[in-house]
Amino acid sequence: MGKYEELAREIVRNVGGRENVSSLTHCITRLRFKLKDEGRANDDVLKKMEGVVTVMKSGGQYQVVIGNHVPEVYADVLPLLGMDESGTDHKEDDAPSGSLFNRAIDAISGIFQPILGIMAACGMVKGLNALFVAIGLYEDTCGGYLVLNAVGDGLFHFLPLFLGYTAAKKFQLKQMVGLVIGAIMCYPAIQGSALSAGGEALYTLFGGTMFESEVYTTFFGIPMIAMDYTGSVIPVIFVVYFASRCEKFFSKFIPDLVKFFFVPMLTLVVAIPAGFLVIGPVATFGSTLIAQAVITVRNFSPLLAGAIVGATWQILVIFGLHWGFIPVYINNIMTYGYDNVMMPFFACTFATSAVVLGILVKTKDKKLKEMALPNFISGIFGVTEPAIYGILLPLKKPFIISCIAGCIGGGFYGAFNFRKFMMGGMGIFEFPAMIDPKDGSLDNLAVAIAGVFLTMLIAFVATIIFYKEDTQAALSAAPADGGAGMAGQNDNTKENHTADSGKLVKRLEIASPIRGKVIKQADMKDEAFGSGALGKGVAVQPAEGKVYAPADGVISAFFPTLHAIGITTDSGAELLIHVGLDTVQLNGEGYKAAVSEGDRVKKGQLLLEFDIGLIESRGFSTETPVLVTNADDYLDVVETSAEFVSQGEELLKILN
């Protein structure tokens, strides 16, 4: 338990106890309970409790408003309720929403993202081990090599275990069951190589096709295709998904007294045979078909295929669609021992870095220089999102330059059959993974380095030639419905002398992030926002579904459901933009993010798009509070006197 243990206990006690709670989630300011009987909750006690702002009931939820430290309180409440970190009992009505495509991308992201860091670390060790052998530092028969190879190869060999765990979490199956499924799929005695070692095949299925498979044993008379699942990607994900549906089915009618062990037992007994007999083979055939398809496309014109990947990769990253290609990349490496289809995206990393370097050299804007240097360094190390969102996209032309340079570099890589043999590493740390482990040849590494120099040279020179400083001035301006901005002025702080004291007072101007009707704080529909307990400000009734940055700063918080954004401005003001009331229940539907948490943003930069019609059709208000959450640090926060504001017009004045 953490520092809010006592508060958590009091909250649980006064919402009716553990047995009265069906589920719990949280948004950026409040705990959101689903209670079996709201009448059992002590509203008055909770409202007066130190650490609780107020209590609200809306949308079938019992909301305990906490404030900015709600994640810490949430973490301390969960153990008291006996819930896992999802805070739900995983009922059917909690199924993910959105289109099938968006749900697929979300699932892939959720499954692979938790292991990408450790995957990169293991891949780097494996790549460096191969490099040291190639340059003769030690032999591949020594004990040091064997230990380091185990460090680098262990995760990839037993990849189904890790994917079983993360897929279970994503599909709301008990994580230990997912882990067991991964372990079973790696069980030595039922791998294809082990089965085939027992003698001649009984018969062959799908003879004469790319799916030709030998059968060495049966499952009570049903043929079991011999396959090796160690190091595989796709099969375990589908088996875990099927198991999650089985678990939900069995949980409905198994008595609580024996549910603890009977549900997982029945889930495994049904899911594993189905996995080995049908799901695993079909998923493997599907991944083979995908791999063959992309290689066929690549073989048509390697240069063109590489150029397309290089030109479009950064665009895919912006919309989060690159996650859909991660399984193709991993599947190629695990199936063929290398990937040459997706690897042309490697050029994009260095195209972005070189463009940022060109801006760093050419710009005279001090603030832009301060942003460019760390973004250049992070780009070289393979992390380009801050540069893309914080510099290239707002300036527009540099982003186009980076895409063109990435296209040329990708075409170069495609033409020279550039390959990566091991997963792991980012940026310059990927180089060791480009050494052919079969013979230690450095030819492919030479192609990698040549492509980096070519891409960076083109991107840097093009930026120096075509990037104009007036573009940056336009970025600094605050647009107002297409009207004139601030004539290139990039400072949101003005200084005035107060009439009564003569003291120098800084006036921090906060622009309106949304175009619409201004609602005074006292008139807000939401009691927690309207009371001022969560900060001072106003609300805007949106006339269009777009949110722009009200000042230069950093996205300090971006809630996963996309309805709430926290910004820490360069002047130190902490802002909260909460798009709609109770819209956390939409679970991100109708919202589209243009930036991510941790991104640096410029005033007037697009942050978020939202569908007003969809939100209102679901019965939610689109009233959007814009609050200074650290208002107590300032002399005053003064709201605009206008009844209607355009995006970019002054909304609040902060006196310091």
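This passage walks through the sheet, the nonpolar cores and the aromatic pairs of a predicted model.

Start with the sheet. Eight strands make up an open sheet with antiparallel pairing, and reading across gives the order E17-E13-E14-E15-E19-E11-E10-E21. Strand E17 (600–601) and strand E21 (644–645) sit at the edges, each pairing on one side only. Strand E10 (residues 516–519) is tied to strand E11 (residues 536–542) by 4 bridges, and the two run antiparallel. Along that pairing, Lys517 faces Gln541 in E11, and Ile519 stands opposite Ala539 in E11. E10 also pairs with E21, again in the antiparallel sense, over 2 bridges. Here Gly516 is the residue opposite Val645 in E21.

Next come the cores. In soluble globular proteins, nonpolar side chains tend to be buried together. In this model the largest nonpolar core takes in 87 residues, and Phe112, Ile181, Ile330, Phe346 and Ile391 have the most contacts inside it. Helix H13 (residues 346–362) is the top contributor to this core, supplying 10 residues. A second core, separate from that one, has 37 residues, including Phe610, Ile615, Val628 and Leu651. As for Ile181, setting aside neighbours within four places in sequence, its contacts are Leu173, Val236, Val239, Val240, Ala243, Leu268 and Ile272.

That leaves the aromatic side chains. The model has 20 aromatic pairs. One of them joins Tyr338 and Phe421: the ring centres are 6.4 Å apart and the planes meet at 65°, so the pair is edge-to-face, the label for angles over 60 degrees. Tyr338 belongs to the loop between helix H12 (326–336) and H13, while Phe421 belongs to the loop between helix H16 (397–415) and helix H17 (443–466), so the pair ties together parts that are 83 residues apart in sequence. The two partners are not equally covered: Tyr338 is partly exposed, at a relative accessible area of 28%, whereas Phe421 is buried, at 8%.

Tyr413 and Phe418 make another pair; with ring centres 4.1 Å apart and planes at 25°, this one is stacked, because the planes are under 30 degrees apart. Tyr413 is buried, with 0% relative accessibility, and Phe418 is buried too, with 1%. Both rings are part of one aromatic cluster formed by Phe346, Phe350, Phe412, Tyr413, Phe416, Phe418 and Phe431. Phe346 thus turns up twice, because this cluster member is also among the residues with the most contacts inside the largest nonpolar core. Back at Tyr338, a charged side chain comes in as well: Arg419 lies over the face of the Tyr338 ring, 6.0 Å from the ring centre.

How values were computed
Residues numbered from 1 in each chain as written. Predicted model: local features only at pLDDT ≥ 70, side-chain atom pairs only at ≥ 80, totals over all residues. Heavy atoms only, no water. Pairing = 2+ DSSP bridges. Core = buried A, V, L, I, M, F, W, Y, C linked by side-chain atoms within 4.5 Å. Buried < 20%, exposed > 50% of the residue type's maximum accessible area, 1.4 Å probe, protein only. Contact = heavy atoms within 4.5 Å. Phe/Tyr/Trp six-rings, centres within 6.5 Å; stacked < 30°, edge-to-face > 60°. Lys NZ or Arg CZ within 6 Å of the ring centre and 35° of its normal.
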